[in-house]
Amino acid sequence: MTTETRKQPARLRRLAAVLLILGLSTCAENPVTGDREFTMVSERQEIALGQENYRPTQQSQGGQWQIDRELTAYVSEVGQRVAEQSPRQLPYEFVVLNSSVPNAWALPGGKIAINRGLLTELNNEAELAAVLGHEVVHSAARHGAQSMERGMLLQGALMVTSIAAQNNEYAGFIVGGAQLGAQLISTRYGRDAEREGDLYGTRYMAEAGYDPAAAVSLQEAFVRLSEGNAPGWLDGLFASHPASTERVQNNRELAAQLRAEGYTDGELGEQRYQQRTARLRETQPAYEAFDEAYALLRDDKVEEAEQKLDTAIRMVPQEARFYGLKADIALMQRRYGAAIETYNQALARDDAYFDYYLGRGLAYSRQGNDSRARADLQASVDLLPTALAMNELGTMALAANDRGVAKQYFQQAAAAPGELGAQAQASYIRLDVADNPGAYVQAQAFVGSGGQIQLRVVNRAPVDLRNIELELQASVGREGVRRAVSVGSLASGQARDVASGLTLPAETDPQTVQAQVLVRGASVN
């Protein structure tokens with residue numbers, strides 16, 4: 001007898017996945033440390049990963065800071081000056097992000113970002129060079145790629161499934177665009193990676209002409225802030241780059257060693273740094289008001305939050321984020337016309353941030369303007385795929401009776417954690433059960449007592465099912481029989497033996513009976 005669906009044992013699949021991944025690995029020399037190490041992510045793949053995830057990861061962290069684009073150019077100049085000292089020449093890029101959280105991060109392939117919230121805490125250009133040099137090492141020494149490789153070994157079956165499911169050379173490593181980027185930049189590096197970042201990053205900055213003493217003062221400041229539980233730092237830089245007195249001492253010893261090697265004329269660049277970051281410091285009170293507005297909203301103090309936003313707008317009327325949050329409040333209050341008008345003001349100041357398109361698309365959808373809603377929601381997805389946009393697009397597609405498109409959107413949104421992901425998963429399964437009932441219902445025929453052919457039916461879906469309809473196809477000798485069998489409802493995970501209504505003749509050997517069970521239909525309760 002056969003069944004409609006038969007799965008390999010999970011243990012064997014996992015073993016095969018790990019063996020496949022190990023077979024794809026090679027041994028190579030780390031370009032920074034010179035150590036020999038196994039690699040499963042090639043340089044070409046690293047660069048592609050960085051390029052593909054750089055923009056969505058920026059979007060997920062506040063987007064680029066647009067008020068002073070000369071500051072980004074300045075940061076890039078310093079970063080490139082340091083990166084030139086690395087033995088591994090990647091397509092390095094450096095951007096300033098519009099976030100008050102003090103943080104900096106690096107993706108594989110040399111894609112690096114620093115938040116304005118960290119720039120305000122630095123004292124000179126040499127400290128900036130120390131931060132960027134540390135991130136250059138994370139990219140050049142493959143620290144992000146190594147984190148991915150560890151995950152591949154631990155989750156080999158998952159990775160192989162992804163590889164098989166996508167026609168993309170890098171698809172096995174991409175799990176939702178920004179989702180991968182967010183995971184990489186939030187990974188807490190190990191002590192060895194942090195030591196390497198400090199060791200080689202400080203050497204690079206010294207070779208670039210900066211005073212390595214700035215790496216010491218920088219770590220000393222980080223230790224003070226970590227000991228004082230400074231707001232934002234524990235969720236920012238320290239979450240992935242933990243500060244420690246050990247790192248301070250290591251940097252002191254390294255600075256002394258570099259001076260002994262002749263690096264004695266390095267510059268701090270304090271005046272230049274203060275000049276180039278003047279606009280950033282001038283606007284800081286406005287962003288403090290903006291951050292206070294966010295905190296007030298979390299406490300449901302909407303009126304006070306709007307007052308803070310008005311203050312921020314008066315200080316820096318060019319900042320789109322201030323208008324974006326005001327529009328979010330209007331959307332939350334179901335003032336859709338006001339929300340659209342305010343999102344328009346935000347987009348007039350910055351048309352490259354996903355949140356304004358997402359919010360305006362939701363407002364248009366609530367007004368019933370499907371064409372504009374769809375265009376805005378898709379624009380937001382192009383910048384940063386979010387479950388909220390995918391779920392809304394899926395709902396709109398379903399309303400237009402485009403089931404296939406709706407399923408695609410719901411399936412992507414279902415990857416999100418929490419209630420929204422669960423809602424999208426339920427919507428997807430409701431549609432897919434009707435289209436592919438055999439993927440959720442397992443049925444097998446067997447001969448029971450008295451020669452009765454029975455069906456063992458199992459609901460493999462994560463939801464309860466009803467209206468389960470089966471078709472038994474059996475042959476005894478030369479005689480073939482088809483029989484429709486109604487099962488009714490089954491709870492998620494429930495198994496039941498169901499009579500088919502067929503009984504074998506007394507002289508029949510059960511081993512000669514061939515039978516299969518087809519799942520013809522099912523629906524979600």
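Where is Ala352 found in this predicted model?

**View 1. Ala352 and its partners distant in sequence.** In this predicted model, Ala352 is found in the loop that lies between helix 17, residues 336–349, and helix 18, residues 354–367. With a relative accessibility of 33%, Ala352 counts as partly exposed, because that category covers the values between the 20% limit for buried residues and the 50% limit for exposed ones. Although Ala352 and Gln59 are 293 residues apart in sequence, their C-alpha atoms are 8.9 Å apart in space. When neighbours within four places in sequence are left aside, Ala352 is in contact with Gln59 and also with Leu383.

**View 2. The largest nonpolar core, centred here on Ile114.** The largest nonpolar core of the model has 87 residues, and those with the most contacts inside it are Val75, Ile114, Leu119 and Leu128. Helix 5, which runs over residues 125–140, supplies the largest share of this core, namely 9 residues. Ile114, once its neighbours within four places in sequence are set aside, is in contact with Val75, Val95, Val96, Leu97, Asn103, Ala104, Leu119, Leu128 and Val131. Apart from this core lies another one of 32 residues, which includes Tyr428, Ala474, Leu502 and Val513. As a general background to such views, nonpolar side chains in soluble globular proteins tend to be buried together.

**View 3. Helix 10 with helix 5 and with helix 12.** Helix 5 and helix 10, the latter formed by residues 213–227, pack with their axes 8 Å apart and at an angle of about 80°, which means that helix 5 is roughly perpendicular to helix 10. The contact between them is made by Ala126, Glu127, Ala130 and Val131 on the side of helix 5, and by Ala214, Ala215, Ser217 and Leu218 on the side of helix 10. Helix 10 also packs with helix 12, residues 245–260, where the two axes come within 8 Å and cross at roughly 170°, so that helix 10 and helix 12 are roughly antiparallel to each other. Here Ala213, Ala215, Val216, Gln219, Glu220 and Val223 of helix 10 meet Thr245, Arg247, Val248, Asn251, Arg252 and Ala255 of helix 12.

**View 4. Asp68, a buried residue without a salt bridge.** Asp68 is found in the loop between helix 2, residues 43–60, and helix 3, residues 69–83. Asp68 is buried and yet has no salt bridge, the nearest side chain of opposite charge being that of Arg279, which is 6.1 Å away. Leaving aside neighbours within four places in sequence, Asp68 is in contact with both Arg276 and Arg279.

**View 5. Pro108 in a loop between two strands.** Pro108 has its place in the loop between strand 4, residues 104–107, and strand 5, residues 111–115. Pro108 is buried, with a relative accessible area of 5%. Pro108 and Arg142, which are 34 residues apart in sequence, are 6.7 Å apart in space from C-alpha to C-alpha.

**View 6. Arg334 and Asn401, residues with a positive phi.** Most residues other than glycine have a negative phi. Arg334, however, has a phi near 65°, and Arg334 is found in the loop between helix 16, residues 320–332, and helix 17. At 66% relative accessibility, Arg334 counts as exposed. Asn401 likewise has a positive phi, near 65°, and is found in the loop between helix 20, residues 387–399, and helix 21, residues 403–413. With a relative accessible area of 63%, Asn401 is exposed.

Notes: Residues are numbered from 1 along each chain as its sequence is written. This is a predicted model: local features need pLDDT of at least 70, side-chain atom pairs count only at pLDDT 80 or more; totals for chains, interfaces and linings use all residues. Side-chain values use heavy atoms; hydrogens and water are left out. A nonpolar core is a set of buried Ala, Val, Leu, Ile, Met, Phe, Trp, Tyr and Cys residues joined through side-chain atoms within 4.5 Å. Buried means under 20% relative accessible area, exposed over 50%, partly exposed in between (1.4 Å probe, protein chains only). Helices (H or I, at least four residues) and strands (E, at least two) are DSSP runs, numbered from the N terminus. Contact means heavy atoms within 4.5 Å. Lys and Arg count as positive and Asp and Glu as negative; His and the chain ends are not counted. A salt bridge is a side-chain nitrogen of Lys or Arg within 4 Å of a carboxyl oxygen of Asp or Glu. Axes are lines fitted to C-alpha atoms, for helices over the stretch in contact, and angles run from 0 to 180 degrees between N-to-C directions. Angles under 35 degrees count as roughly parallel, over 145 as roughly antiparallel, 65 to 115 as roughly perpendicular and the rest as oblique.
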